[in-house]
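Please open the model in your viewer, with side chains shown as sticks, and keep the selection tool at hand. The tour moves from one selection to the next and says what is to be found at each stop.

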Amino acid sequence: MYLVPPMDDEPPPAYVDFVSCHLDDLRRETSRLVGGDPEAEHLYMDVLADVASHWRRLSWRRRLLGRPHAAYEYLRHRLEVRTKQWRDDQIYEVDVRVLHRPAYAPALYRRGGSIALLKAAVLPDTHRSGRVSAAADAGIAWCQAYRRQQWHAVGRRIAFGILLIAILIQTMSKIAVDY
């Protein structure tokens with residue numbers, strides 16, 4: 001029996017809905033804050049894992065305190081903290097520039113072009129909807145938060161064991177002195 005039950009293995013539907021609503025904005029904002037660095041765009045997954053690990057507390061705050069945007073506020077806060085940590089970890093100064101997406105120019109490939117573009121007109125579209133991508137990202141972030149929660153539980157048990165041994169040693173040394 002648990003006083004506070006552990007995290008579920010699977011993300012709740014409310015979390016998946018939250019991720020699907022905010023995923024595109026989060027990716028865009030992460031890319032903007034790190035200056036378009038492709039190596040740093042993994043930060044949005046860390047932010048989603050942070051939100052997942054606090055999801056129960058955030059949903060309680062939303063229901064009991066009447067703050068409907070508690071999860072989004074925490075998401076923004078964790079994004080700021082994670083990007084600040086990322087910038088502090090950089091060896092060189094980070095130069096943030098707004099990058100514009102290059103325009104697709106199919107006219108360059110009309111005559112002959114690449115084989116992939118010629119086949120693209122024949123093959124069916126393989127683009128997945130944003131809901132599938134959001135569900136996958138939500139599942140990955142929830143799994144990372146679940147593993148983090150398991151490691152924290154192991155750390156708490158180890159700390160409790162060390163504290164118990166220290167108390168036993170202190171108690172035994174006081175009893176031994178009295179005889």
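What follows is a walk through a predicted model, with a few selections at each stop.

**First stop: helix 1**

Select residues 13-33, which make up helix 1, and place a distance between the C-alpha atoms at its two ends: they are 29 Å apart, in agreement with the 30 Å that 21 residues should span at 1.5 Å a residue. Now centre the view on His 22, where helix 1 has a kink of about 50°. To see which side chains of helix 1 are covered, colour the buried ones, among them Tyr 15, Phe 18, Leu 23, Leu 26 and Leu 33. Just beyond the end of helix 1, select Gly 35, whose phi is positive at about 75°.

**Second stop: charged pairs within helix 1**

Side chains of opposite charge can pair when their charged atoms come close. Select Asp 25 and Arg 28, which form a salt bridge whose closest N and O atoms are 2.9 Å apart; both residues belong to helix 1 and sit 3 residues apart, about one turn of the helix. Asp 25 counts as partly exposed because its relative accessibility is 44%, while Arg 28, at 54%, is exposed.

Next, select Glu 29 and Arg 32, another salt bridge, here with the closest N and O atoms 2.5 Å apart. Glu 29 and Arg 32 are separated by about one helical turn, because they are 3 residues apart in helix 1. Glu 29 is buried, with a relative accessible area of 16%, whereas Arg 32 counts as partly exposed at 44%.

**Third stop: a pair between two helices**

Select Arg 82 and Asp 50, whose salt bridge has its closest N and O atoms 2.9 Å apart. Arg 82 lies in helix 4 (residues 70-89) and Asp 50 in helix 2 (residues 43-53), so this pair ties together parts that are 32 residues apart in sequence. Arg 82 counts as buried at 18% relative accessibility, and Asp 50 counts as buried at 3%. Add Arg 78 and Arg 148 to the selection, since salt bridges with shared partners join Asp 50, Arg 78, Arg 82 and Arg 148 into one network. Across the whole structure, a search finds 9 salt bridges.

**Last stop: a nonpolar patch**

Finally, turn to the surface and select Trp 151, Val 154, Ile 158 and Ile 162, which make a nonpolar patch of about 450 Å². Ile 162 is part of helix 6 (residues 130-178), and with a relative accessibility of 55% Ile 162 counts as exposed.

Technical notes
Residues numbered from 1 in each chain as written. Predicted model: local features only at pLDDT ≥ 70, side-chain atom pairs only at ≥ 80, totals over all residues. Heavy atoms only, no water. Patch = residues over 30% accessible without salt bridge, like charges linked within 9 Å, V, L, I, M, F, W, Y side chains within 5 Å. Areas by Shrake-Rupley, 256 points an atom, 1.4 Å probe, with all protein chains shown as cover. Salt bridge = Lys/Arg side-chain N within 4 Å of Asp/Glu carboxyl O. Helix = DSSP H or I, 4+ residues; strand = E, 2+ residues; numbered from the N terminus. Buried < 20%, exposed > 50% of the residue type's maximum accessible area, 1.4 Å probe, protein only. Expected span 1.5 Å × (residues − 1). Bend = angle between axes of the 7 residues up to and from the residue.
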